[in-house]
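Subject: Structure for your review

Dear colleague,

Please find below the structure that I am handing over to you. My findings follow it, and I would be grateful if you read them alongside the coordinates.

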Amino acid sequence: MKPFHMQKGKGASLTLSALLIGALVLPTYGCAEAGMNQTITQQLKTDHAKTKEAIDKAAASENIPGVIVAVKKGNDFWSYASGEANIESKKPIEADYSFRIGSITKSFVGVVTLQLAGEKKLSLDDSMEKWLPGVVQGNGYDGNKITIRQLLSHTSGIADYLDAELKQSLLQNSTQTFTAEQLVSRALKQKPTTGGYSNTNTVLMKLIIQKVTGETYAEQIKKRIIEPLQLKETLLPDDSHSLPERSPNGYFNNAGTLMDMTLLNPSFADSAGGMISTAKDLTTFFSALLGGKLLTPEIQKEMMTTVATPHGRFGLGIQEVTLPNGVTIWGHQGGIPGFTNFAGGTKDGEHVIAMSINVLEGAVPHMESIQMTEFSGLANQPSTVDQAAQKHRDEMNQLIDQEAKSEKIPGIVAAGLRDGEYWSHAAGVANLEQKNPMESDFTFRIGSVTKAFVATTVLQLAQEEKLNLDDSVEKWLPGVVQGNGYDGNKITIRQLLNQTSGIASYTNIEMRHATSFPQYTVDDLVRMGLAKPPVFQPGAGWDYSNTNTVLAGLIIQKVTGEKYAEQIKKRILDPLQMTDTSFSGSNPKIPGQHASGYNMDKSGNLYDFTEYNPSWANAAGEMISTGKDLTTFFSALLGGKLLNDEMMKQMTTGVDSPYGKYGLGIYEVKTQNGKSYWAHGGGIHGFETLAGGTLGGKQVLVTNVNAVGPEPIQVNLGLFQKEFSR
């Protein structure tokens, strides 16, 4: 019997990053065909059996209660369910059960908007101000410059109302009620972002639909979609807490403990994710939508015209994903406390799938496996370029698998972008004792990769002329760097970031082999560094020093009045929706699902050192993240979405170092065939990380080994050499 750990009540501390409506997870497997013979052949029956086997396997996995899948392919429809609707009563889940669909709601809102555009009742290039005068104004926003098209494609720059504060509030009280106006007001109190997925976009779109038609968006969805398609089990529940009678319980996976989230007030999701449906209804909807039955050809073309965002390619209310074998699938993911869902299919609507797993957090890999099975083997013959790309993917995955078999390498997580498309792979074990498999969505300590975030924040402040890179340390931290051979008047912010200050590092070799740590304050760390004499005079050499970045963190605080972590969150994590990235402070635990981390003693033996007080790391290395979040960050950074051209030039102007050309918070590495990438490594007790990519942000790689030592470093470097030499 598979294990479940049940948590009662709603006062527990949860992984806030999981509480995200429509966390966009790109399907990374599978393919599709343009059409098929309408006769149900023996091959089709075999395909059903294979998919059902994948569903059963997912439902038998730890912390996966139940799985619902429905497929429509040509005239053939079938559905299947496996597992439990209720983990306490062991009630089996049924294929016709209803569930909360989360951000799949956005596709319904998108269709209504596009139909109104087709009827000339609005234009996709109308401004926000035209329909909602005065609503989006102030705090850096101007509704005159934001269009309806930008709302649907998530390129408006409007912040997401679902911030950390609201998530925490929902965890304490999941039945509270919100109005659309309250949600929009929360969002507009935040500064505009550089673009990216935002639930606020769809809530504003709901208000525009109401202004244009004189009816609520729910009434319009009912009239235009639900009734014509006879989606009898599709509902818009407003603030009703309950699900229909024939529904599974919905759970949240809190680090291996399932918490019942069935009773939930969806008003916080509003038009961004509040709907309820069934797998059958969703296949009907996407079959009609992709098959051209809901929109005119001209408007359908508008819907399918995509733009690149930090979360993938978006059309208007729909997402485009090009799978590894060249096949494109169109659809939308929907995550909401209790459920993880996906619905979509091929561009012509001939092959669609709808899936729901009644748990949020940890369900995506199982969903991708089902999709891979259902859509496998039906792609067109790939081109020579496609074959070469596929060969590289296969070789890279094989190399990861092979490296994970090494004695000093427990497990490996790899993720990244290739030609703008996200991928991930994991191999080895998460725990040497229990032999649990490594998963690609695990969180891990990123160590000195933190320095890239600190440097980006400093450069943004320079971009805003709130500081100058050639300001002295003394200007911002008077009296701090003085004595014992140091003079803060002669050390610049630039020298802190490119490691040419000559300030000694507070870390030492004994800390590397520690088995515990005391509590350190930031003043303790600076004092420890300055107690050592300078390594050289400012600008006279290069020496890697964690003290440099801790001082940079203090300068951020002096300039902004906020701690560096708060500034990184506001400037990078929230705009890019890096919801699984956090700061450890002095908390010994790693949030979310994660592997055990192994340190190496002086004899070269690995020992479990997952939990310890990390206060010694501070701005030099305290952050925790995932492969996907780091991919998002480096794609945005190297793609010029976080810094202007001048600041990117400053960041990528390097000095000679053992790593390569060391710039401001990142360094350049040349591959054997002359290509290069910009990256930063991060070794911290238990984990060794390397993250970076090519300028332009189209190719990114993140690798993490849950152990430290010479072998993990070489493995990461070898994987980067392989990835960036092609």
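I begin with a small piece of this predicted model: an open sheet of three strands, which are paired antiparallel in the order 20-26-23. The edges are formed by strand 20 (444–445) and strand 23 (582–583); each has a single partner strand, so one side of each is left without a neighbour in the sheet. Strands of a sheet pair through backbone hydrogen bonds, and the pairing may be parallel or antiparallel. Here, strand 20 and strand 26 (residues 623–625) run antiparallel and are joined by two bridges. Within this pairing, the residue opposite Arg445 is Ile624 of strand 26.

On the other edge, Ser582 belongs to strand 23. Leaving aside residues up to four places away in sequence, Ser582 is in contact with Pro591, Met623 and Ile624. Ile624 thus appears twice, as the residue opposite Arg445 and as a contact of Ser582. Between Ser582 and Thr626, which lie 44 residues apart along the chain, the C-alpha separation is 9.9 Å.

I turn next to the domains. The domain assignment of the protein gives two ranges, 63–378 for domain 1 and 398–725 for domain 2. Their centres, taken over C-alpha atoms, are 35 Å apart. To the contact, domain 1 contributes 17 residues and domain 2 contributes 13 residues.

The size of an interface is often expressed as the accessible area lost when the parts come together. For domain 1 and domain 2, the area buried between them is about 1400 Å², with 45% of it on carbon and sulfur atoms. On the side of domain 1 that touches domain 2, the residues comprise five nonpolar, nine polar and three charged. Two residue pairs are in polar contact between domain 1 and domain 2, both at pLDDT 80 or more.

How many salt bridges cross the interface of domain 1 and domain 2? The rule finds zero there, whereas a search of the whole structure finds 25 salt bridges. One of these is formed by the side chains of Asp96 and Arg246, with an N to O distance of 2.7 Å. This pair links distant parts of the chain, 150 residues apart. Asp96 lies in the loop between strand 4 (91–92) and strand 5 (98–100), and Arg246 in the loop between helix 8 (217–226) and strand 8 (251–254).

With kind regards

Conventions
Residues numbered from 1 in each chain as written. Predicted model: local features only at pLDDT ≥ 70, side-chain atom pairs only at ≥ 80, totals over all residues. Heavy atoms only, no water. Domains from an automatic or database assignment. Contact = heavy atoms within 4.5 Å. Buried area = accessible area lost by both parts, 1.4 Å probe. Salt bridge = Lys/Arg side-chain N within 4 Å of Asp/Glu carboxyl O. Polar contact = N/O pair within 3.5 Å; in protein donor to acceptor, adjacent residues only side chain to side chain. Nonpolar A, V, L, I, M, F, W, Y, C, P; charged D, E, K, R; others polar. Pairing = 2+ DSSP bridges. Helix = DSSP H or I, 4+ residues; strand = E, 2+ residues; numbered from the N terminus.
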